[in-house]
Amino acid sequence: MPSSLQIKNLQLYRKDALLLSLDEQIAGGEILTIMGPSGSGKSSLLNWLTGTLPHGFTATGEVWLNEQNVSHLPTHLRHIGVLYQDALLFSHLSVAGNIAFAMPKDNKQRDKRQRLEKIEHALEQVGLAGMSNRHPDNLSGGQQARVALLRTLLSEPKAILLDEPFSKLDTQLRAETQQLVFNQIRTHKLPAIMVTHDHSDAEAAEGKVINLSY
């Protein structure tokens, strides 16, 4: 079954004021970009999708993932990964430890070696071969962003949300990281939604763009 993320008849309110309305379907490998000024509801949309809408906001509508209504599931059962503008790596864990932390656990404990092999292979794919034992604080911003991406992908999400993930990178690194992230989304055929202020992100995503206003 092809993967898809569907937003059905969303009406998102801040107190009693309608913030945004959305009705969209994103197929696996597609990236929907949401642009708009601060306060237009971009981050609240992501919160709603992950089941973490803060106090003061309400919403009607449904989230469907691979033809299953996940609207009433708790966050950890929705299998929606999020990539933030900060890498948010654990400084007490190695690079491999950060990635392994998010990977699904196998009850049979079959796997320590297999998991490490999978992590090593993934690091190699994104140009970080041999860095599994490095301390994340000793990585550059671009390297940290790649580790954060692998941590999200190896958690085996069914969809991925991008919350301004390139905003703290300089221009050249931003372009390289955009390409890497979007290629991985297409390779894994994950439906994705990105919120951003930056037109270069939208252009690089090569998908539909929705502009929000107040």
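**Entry 1: Phe101 and its partner**

I looked up Phe101 and noted that it counts as exposed, because its relative accessibility is 51% and the cut-off for exposed is over 50%. I keep in mind that this is a predicted model. Phe90, at 29% relative accessibility, counts as partly exposed. I then asked how many aromatic pairs the structure holds, and the count is 2. In one of them, Phe90 and Phe101 meet edge-to-face, with 4.9 Å from centre to centre and 70° between the planes. This pair links distant parts of the chain, since Phe90 sits in the loop between β6 and α3 (95-102) while Phe101 belongs to helix α3, 11 residues apart. I also found that the charged end of Arg151 sits over the ring of Phe90, 5.8 Å from its centre.

**Entry 2: Phe166 and Phe182**

I turned to the rings of Phe166 and Phe182, whose centres are 5.6 Å apart and whose planes lie at 85°, so I wrote this pair down as edge-to-face. Here too distant parts of the chain are linked, with Phe166 in the loop between β7 and α6 and Phe182 in helix α6, 16 residues apart. Are these rings buried or exposed? Phe166 counts as buried at 0% relative accessibility, and Phe182 is buried as well, with a relative accessible area of 1%.

**Entry 3: the sheet**

I traced an open sheet of 5 strands in the order β6-β7-β8-β3-β9, and its pairing is parallel. Which strands stand at the edges? They are β6 (80-83) and β9 (209-211), and each has a single partner strand, so one side of each is left without a neighbour in the sheet. On average, neighbouring strands of this sheet are turned by 15° against each other, direction ignored. Strand β3 (residues 31-35) is joined to β9 by 3 bridges, and I noted that the bridge partner of Thr33 in β9 is Val209.

I next followed the helices that pack on the sheet. Helix α1 (residues 42-50) touches β3, β6, β7 (159-163) and β8 (192-196), and its direction makes about 155° with that of β7. Helix α6 (residues 171-187) touches β3, β6, β7 and β8, and its direction makes about 165° with that of β7.

**Entry 4: Arg115**

I found Arg115 in helix α4 (residues 112-125), where Arg115 is buried because its relative accessible area is 13% and the cut-off for buried is under 20%. A polar atom of the Arg115 side chain lies 2.9 Å from the backbone oxygen of Pro104. Not counting residues up to four places away in sequence, Arg115 touches Ala100, Met103, Pro104 and Lys105.

Notes:
Residues are numbered from 1 along each chain as its sequence is written. This is a predicted model: local features need pLDDT of at least 70, side-chain atom pairs count only at pLDDT 80 or more; totals for chains, interfaces and linings use all residues. Side-chain values use heavy atoms; hydrogens and water are left out. Two strands pair if DSSP finds at least two bridges between them. Helices (H or I, at least four residues) and strands (E, at least two) are DSSP runs, numbered from the N terminus. Axes are lines fitted to C-alpha atoms, for helices over the stretch in contact, and angles run from 0 to 180 degrees between N-to-C directions. Contact means heavy atoms within 4.5 Å. Buried means under 20% relative accessible area, exposed over 50%, partly exposed in between (1.4 Å probe, protein chains only). A polar contact is a pair of N or O atoms within 3.5 Å; within protein, one must be able to donate a hydrogen and the other to accept it, and residues adjacent in sequence count only if both atoms are side-chain atoms. Rings of Phe, Tyr and Trp (its six-membered ring) pair if their centres lie within 6.5 Å; planes under 30 degrees apart count as stacked, over 60 as edge-to-face and the rest as tilted. A charge sits over a ring if NZ of Lys or CZ of Arg is within 6 Å of the ring centre and within 35 degrees of the ring normal.
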